[in-house]
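Visitor: I would like to learn how the words used for a protein model are justified. Could you take me through them slowly?

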Amino acid sequence: MVSGSSIIISLGGAVGGAVVGGGYLFFKGYLQQAGANAANKTPVVKADTVNRRKKEGNQNVVDRLERLREEKKKIRREKDTEIEEFKNELSDYERIIESIQDEGIARKRLIENYWKPLHALVACFTKSKVDTDEGETNFVLEALRRGRNVEQITGSTYIVPPKDVPSQIKSKPDSRAALETWIEDEVYSDHQDALAHIAMFGLVDLRNVYSSSDYEEDDLPHFFSTVDWEFDLEDIFDSEDFSRLLANESVNLTEIIEEGDIAFFVSKSVSPEELDNIHEAQTDIEDELGNPDVKQLADDVTLEQLIGTLAPYVSDPQNVAESVKNEARIWKEQLYS
């Protein structure tokens, strides 16, 4: 799990800074070359070693997943409703790796095996509120959030995922001057007389960041989190690179779906513990259903069959069975229409 306590710990004391290859890092007692692989890490995967057919098949599925998710978001916006379950739903990329259950494509391995720096922007600041015509605002946070996803990992520490790091900073990852220029141009430009305490702004390569927590999120003080809790894989990888990473591990999502992989089809409607149960009994479950492919799951396997087969493994077999049927119909249409 890649999370944020290395960052959090570093901000608990004096802040140090150093320019290193691949990024500008500020840490207390910890400096490591951004982009460099530690001795015990899996060697970096070269982009040109990928099976092109698998990569293209994965890209097709990932693109369709993203399109389906956008359609769902649009429907929810039009209904003007906020569904709490949707907030807690696994992201599509997370769902894929959970349903496959392969150490080779676990979140940590995907990040370690990425062949380019995964620069995230970490910012620690306070005393940056100003009065405006619209009321009080935090002008540093306002600038940071402009068109970007920004997550708070401690009371005064924020992190911007790799896909949203400003291009002026990302294009010069070894430059402290680029950070300073961006702050002057984007943060202070509209508030030249404003005051702020900026403890640090810096790039970190997520491949070289470690953290952990022995607590559940609800047991921590407000505004204490980790990178892992806050970032979905979609925040870290674009669809092309995610598809390529899966292909490198010989994963072909199109084949998985076409073959009616039951773990994939239940993954949207079961708990992690229930998904583990499904994985352990996957061969037996698929045998009992007649080893259906996605078309047969959609058209031939009855709801009653699914309920009876899944009942020993999930708490709400009716709901899970209905979800499987719905998912199978969606993917039959997506892949064969």
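**Reasons behind the words**

Guide: In this predicted model, buried residues make up 48% of the 337 residues in the protein chain, and the secondary structure comes to 18 helices and eight strands.

Visitor: What makes a residue count as buried?

Guide: A residue is called buried because its relative accessible area is under 20%, and 48% of the residues in this chain fall into that group. The protein chain as a whole exposes about 17200 Å², of which carbon and sulfur atoms supply 44%.

Visitor: Why is helix 4 called roughly parallel to helix 11?

Guide: The axes of helix 4 (residues 92-100) and helix 11 (residues 239-248) come within 12 Å and cross at roughly 5°. Angles under 35 degrees count as roughly parallel, and therefore helix 4 is roughly parallel to helix 11.

Visitor: Which residues of helix 4 and helix 11 meet, and how do they divide into nonpolar, polar and charged?

Guide: From helix 4 come Tyr 93, Ile 96 and Ile 97, which meet Ser 239, Phe 242 and Leu 246 of helix 11. The residues of this contact divide into five nonpolar, one polar and no charged. Ser 239 belongs to the contact, and serine counts as polar because it is neither in the nonpolar list nor in the charged one.

Visitor: What makes strand 6 and strand 8 edge strands?

Guide: Four strands form an open sheet in the order 6-7-3-8, with antiparallel pairing. Strand 6 (151-154) and strand 8 (197-205) are its edge strands, since each pairs on one side only. Neighbouring strands of this sheet are turned by 25° against each other on average, direction ignored.

Visitor: How do you know that strand 6 and strand 7 pair?

Guide: Two strands pair if there are at least two bridges between them, and three bridges join strand 6 to strand 7 (residues 157-160), so the condition is met. Gln 152, for example, has Tyr 158 in strand 7 as its bridge partner.

Visitor: Why do strand 4 and strand 5 count as a pair?

Guide: Four bridges join strand 4 (residues 129-132) to strand 5 (residues 135-138), and because at least two are needed, they count as a pair. These two strands run antiparallel, a hairpin joins them through two residues, and Asp 131 stands opposite Glu 136 in strand 5.

Visitor: What angle does helix 8 make with strand 8?

Guide: Helix 8 (residues 176-187) lies across strand 3 (119-126) and strand 8, and runs at about 130° to strand 8.

Terms used: Residues are numbered from 1 along each chain as its sequence is written. This is a predicted model: local features need pLDDT of at least 70, side-chain atom pairs count only at pLDDT 80 or more; totals for chains, interfaces and linings use all residues. Side-chain values use heavy atoms; hydrogens and water are left out. Buried means under 20% relative accessible area, exposed over 50%, partly exposed in between (1.4 Å probe, protein chains only). Accessible areas come from the Shrake-Rupley method with a 1.4 Å probe; for residues, only the protein chains shown count as cover. Axes are lines fitted to C-alpha atoms, for helices over the stretch in contact, and angles run from 0 to 180 degrees between N-to-C directions. Angles under 35 degrees count as roughly parallel, over 145 as roughly antiparallel, 65 to 115 as roughly perpendicular and the rest as oblique. Contact means heavy atoms within 4.5 Å.
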